[in-house]
Amino acid sequence: MQWISSRSSLWQAQLDESKSDSKTHYRTYLNSCRAAIDYPREDDIRAYFIPSSTDSRAITRRMLDGVASAAAVDVGAHRFGHPQLVSALAEHLQEDEDFRVRMVADDDLYWLKPQKGQYQKLGDNELFEAENVEYLEESGGDRYEIRYAETNSEEHLLHLNKYIIYRDADGRPTSLLCGAANLTNTGF
């Protein structure tokens, strides 16, 4: 029954204003909840609770190690601003001529630096995120492929799928990182 009481504590962090009235209070409370979970980690799946400091560092390390060891990655993103992820992808594209990246992103990101037409800020994305896409295009050439999911920014409909699929040299998926967090520093 330890899981149920820890789960209740995690839920309480969302409901109790004294535990969520600031980022520091929320992080502190979440760290204590996370530490109270007394179950062994599984081998084939991991759960990370952000903004738990320990979990934040662990998922960031797992994300970057996955990029370093993969032969290819597929990325789904709404926001695309995690500087370490962008750097890791660019470096791997520059250093390994066989490494490939495919990405699907919200079209709000496209309209910040469209190939044709005028610049438009339609959603939450910032110009530096479009510049991150350009950087990967420059780093990988035709080994970096991006497609955009058409969304309706007026209705605030977003491409909310956030994932990284790591693939081996034969193109088979070896692992998956997914969840609610945007691919940003804040998300991790």
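Modeller: Let's start with one helix pair: α5 passes α7 in a left-handed crossing. Keep in mind that this is a predicted model.

Colleague: Happy to. What makes a crossing left-handed?

Modeller: The near helix has to be turned anticlockwise from the far one by less than a right angle. α5 and α7 (residues 127–140) pack at an angle of about 15°, and the crossing of α5 with α7 is assigned as left-handed.

Colleague: And how do you know whether α5 is roughly parallel or roughly antiparallel to α7?

Modeller: The angle is about 15°, with the two axes 8 Å apart. Angles under 35 degrees count as roughly parallel, so α5 is roughly parallel to α7.

Colleague: Which residues in α5 and α7 meet?

Modeller: On the α5 side they are Val86, Leu89, Ala90, Leu93 and Gln94, and they meet Asn132, Tyr135, Leu136, Ser139 and Gly140 in α7. By class, this contact has 6 nonpolar, 4 polar and no charged residues.

Colleague: Let's move to α4. How do the axes of α4 and α5 cross?

Modeller: The axes of α4 and α5 (residues 83–95) cross at roughly 10° and come within 9 Å. The cut-off is again under 35 degrees, so α4 counts as roughly parallel to α5.

Colleague: What do the residues between α4 and α5 look like by class?

Modeller: There are 7 nonpolar, 3 polar and no charged residues in the contact of α4 with α5. From α4 come Thr60, Met63, Leu64, Val67 and Ala68, which meet Gln84, Leu85, Ala88, Leu89 and His92 in α5.

Colleague: Now the largest pocket. Why is it called a pocket and not a cavity?

Modeller: A cavity is a space where the probe fits but cannot get out, while a pocket is an open set, so the name tells you that this space is open. About 690 Å³ lies in the largest pocket. Of its 29 lining residues, Arg46, Tyr48, Ile59, Leu177 and Cys178 are the closest to the centre.

Colleague: Which element supplies the largest share of that lining?

Modeller: That is β5, with 5 residues. α4 (53–69), β4 (163–167) and β5 (173–178) each supply at least two.

Colleague: How many nonpolar, polar and charged residues does the lining have?

Modeller: The lining of the largest pocket has 15 nonpolar, 6 polar and 8 charged residues.

Colleague: To finish, how many helices and strands does the protein chain have?

Modeller: The chain has 7 helices and 5 strands, running α-α-α-α-β-α-β-α-α-β-β-β from the N terminus on. Its C-alpha trace spans about 55 × 40 × 20 Å along the principal axes.

Methods
Residues numbered from 1 in each chain as written. Predicted model: local features only at pLDDT ≥ 70, side-chain atom pairs only at ≥ 80, totals over all residues. Heavy atoms only, no water. 1 Å grid on protein atoms, 1.4 Å probe; cavity = no way out; pocket = protein on both sides within 12 Å on 5 of 7 lines; lining within 4 Å. Points joined across faces, edges and corners; volume = space filled by probe spheres on them. Helix = DSSP H or I, 4+ residues; strand = E, 2+ residues; numbered from the N terminus. Nonpolar A, V, L, I, M, F, W, Y, C, P; charged D, E, K, R; others polar. Axes fitted to C-alpha atoms, helices over the stretch in contact; angles between N-to-C directions. Parallel < 35°, antiparallel > 145°, perpendicular 65-115°, else oblique. Contact = heavy atoms within 4.5 Å.
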